[in-house]
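Dear colleague,

Please find below the structure that I am handing over to you, together with its sequence. My notes on what was found follow directly after it.

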Amino acid sequence: MSHGPRIVDAAQMDLPAGSLWRRLPLVGAVLAVAGFGLSFAMRGGNEEQFYSSWLVAFLYFMSLGLGGLFFVLVQFATKSGWGIVVRRLAENTAASLAVMFLAFIPVYMGLNQLYHHWTDTAHLDAILQGKSPYLNTTRFLIFGLAYLAIWTLLALWFRSGSVKQDTTGDHDLTRRRVKWAGPGLIVFALTSTFASFDWAMSLEPHWYSTIFGVYYFAGSLVCVFAFLSLVIIGLRRAGSLEGFVTVEHMQDMGKLLYAFVVFWAYIGFSQFFLIWYANIPEETVWYLARLTGNWKPFTLFLAVGHFIVPFFFLMSRHAKRKNLTLGVGALWMMFMHLVDMYWLVMPTFQKDGYALTLLDLTTLLAVGGLFLAAFGFFLTRAKLVPAKDPRLIESISFQNF
Amino acid sequence: MGLPIPLIPQLPEGKNFGLLARFENAQTIYTACEKVRDAGYTKWDSHTPFPVHGLDHAMGVKASKLPWLVLITGLSGATGGMLLQWWVSVHAYPLVISGKPLFSWPAFVPVTFELGVLFGALGAVFGMFAFNQLPMLFHPLFSSKAFARATDDGFFISIESWDPKYDETQTAALLREAGAVDVEVVENG
């Protein structure tokens, strides 16, 4: 632990020359192309599987971007001091939302496979006819593009000002972002909620849950804090960020990860609890699908693996302060969030029980590659830390009590 | 040796409680704490008007055992909450509610959660009291007039006379050397 004045090396704000991290955009692009090629090749006769697997991957990697965007917005809204040194990484993660337009194309192309319950307008029952002013393909496309455009705009605007400050040191850039972070959060809450309604909840158009958006949001935050922890560990191993991101910041990332693990469980249980208690068939049908066949052990695994295991594993302060334990916990949570996304989507298509296919993996590579390429692109094009942020010193010397 | 909750602190034997040294600011008390720590003293404390970041580290204070107590009391509360509801609903007063089984665990989760939180919080508050030997109605340091400044602008280190390394002249010299502005002997009682 350190105290008093501390000398940090400005070179630690850049990736070392020849670091593997510099090749991340290329690696991501190769993965994306290979993953998409393989998925596309296996698509024939398997269209429903292709599109549903794609949707899982899309929801998964979009949640990383959304989580990053939320973190950036909250950092500005609260004028946070401690988190400045990790904010740029979150800004880069959020900026990856810009390429999610590409990943959205197959979702829209697969509209009739994924959302055939409500896209098949010739066979709508009375309830779905009543919902058709909202649940129709035109609105789906317009809103979908609007969500993505709004997020991209927010993410890029917040990042570009932050990057600009690296050279100018202009404090007004920070002030303007503080001012717009509040409205940004409101817009974020509305768009992410309705996006999750459109893309995940409308798979079962008769079923509804007003807490669904919060559930998706909670999982996103779990995933992004796990991701950022892993990135920080990786960058420090590569010889960057030394003196900037300390064990104190690692512990705080761990704390946030832990907090959202608990929040996720709280929201997930709240949704289940009310539906279980009221026991109304039109509401219970969604859980019935997830408790039928081998979906039942799957659901139990989700509850145990996404909550009980990390609840005890990451509880201790020591677990959050060691790279090994935090890294293992973060990796596990990134995996469990994938399980969660699979659990949201797949029971609609695999009624008798889940069956993993190669397409689940290849679509994940495709969208994941796209995400990594974008994240790597932004990562390698600016400093790793907001170099002239007015609160940088405060952040560097931050300590937990 | 005192009550289980010591309203009066356990005091060093003899006439003198120990030494009290005042420092000008947070920086000097920080380095002074490091020096006292490195000199091997164990029965001593620091008193500052506001929390000084990292001072516990400079003092060499070990991690608190309080989290373990909170874990135990919290888990006991949660377990007790679930067991209580199980016993009431299944044995003492079985009632079928909306056709659900007698042991409907989801319905018991909110109370289980709340009792876990309640017992954890109680464990934290009263455990903190116990570990800090609170409430303490009296302390020999209160007899020092200068000590009142600990709530205003004074930074103090007190070294108790039953510390194995305690030696009135040498310890006072150490404190002065570490940057103390005033060093005084505080008497017991």
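Gln133(B) is located in the loop between α4 and β3 of chain B. Please bear in mind here, and throughout, that this is a predicted model. Although Gln133(B) is not a glycine, its phi is positive, at about 55 degrees. It is partly exposed, because 16 other C-beta atoms lie within 10 Å, and a residue counts as buried only from 20 or more and as exposed at 12 or fewer. The loop between α4 and β3 of chain B also holds Pro135(B). The peptide bond that joins Leu134(B) and Pro135(B) is cis, with an omega of about -5 degrees.

Chain A offers a counterpart for study in Leu241(A), a residue other than glycine whose phi is positive, near 65 degrees. Leu241(A) belongs to the loop between α10 (212-237) and α11 (247-278) of chain A. Is Leu241(A) buried or exposed? It is buried, because 25 other C-beta atoms are found within 10 Å of its own.

I turn next to the sheet of chain B. Its four strands form an open sheet with antiparallel pairing, in the order β2-β3-β1-β4. The edges are taken by β2 and β4 (182-187) of chain B, each of which has a single partner strand, so one side of each lacks a neighbour in the sheet. On average, neighbouring strands of this sheet are turned by 20 degrees against each other, direction ignored.

At one edge, β2(B) pairs with strand β3 (residues 155-160) of chain B in the antiparallel sense, over four bridges. Within this pairing, Ser46(B) stands opposite Ile157(B) of β3(B). In a regular strand the side chains alternate between the two faces of the sheet. In strand β2 (residues 44-47) of chain B, Trp44(B) and Ser46(B) make up the covered face, while Asp45(B) and His47(B) make up the uncovered one.

At the other edge, strand β1 (residues 16-23) of chain B and β4(B) run antiparallel and are joined by six bridges. Here Arg22(B) is placed opposite Asp182(B) of β4(B). Helix α1 (residues 26-38) of chain B packs on the sheet and touches β1, β2 and β3 of chain B. The direction of this helix makes about 20 degrees with that of β3(B).

In chain A, a packed pair of helices deserves your attention. Helix α3 (residues 84-95) of chain A packs against α10(A) at an angle of about 120 degrees, and their axes are 11 Å apart. The two helices are therefore oblique to each other, and their crossing is right-handed. On the side of α3(A), the residues Val86(A), Leu89(A), Ala90(A) and Thr93(A) meet Val224(A), Phe227(A), Leu228(A), Val231(A) and Ile232(A) in α10(A). By class, this contact has eight nonpolar, one polar and no charged residues.

Another residue of chain A to look up is Pro25(A), found in helix α1 (residues 24-41). Pro25(A) is partly exposed, with 19 other C-beta atoms within 10 Å. Leaving aside neighbours within four places in sequence, Pro25(A) is in contact with Ala373(A), Gly376(A), Phe377(A) and Thr380(A).

Finally, how many residues does each chain give to the contact? Eight residues come from chain B and eight residues from chain A. On the side of chain B that touches chain A, helix α4 (residues 105-131) of chain B provides the largest share, three residues. That side has four nonpolar, four polar and no charged residues.

With kind regards

Note on methods
Residues numbered from 1 in each chain as written. Chains lettered and ligands numbered in written order. Predicted model: local features only at pLDDT ≥ 70, side-chain atom pairs only at ≥ 80, totals over all residues. Contact = placed C-beta atoms within 7 Å. Nonpolar A, V, L, I, M, F, W, Y, C, P; charged D, E, K, R; others polar. Pairing = 2+ DSSP bridges. Axes fitted to C-alpha atoms, helices over the stretch in contact; angles between N-to-C directions. Parallel < 35°, antiparallel > 145°, perpendicular 65-115°, else oblique. Left-handed = near helix turned anticlockwise from the far one by under 90°.
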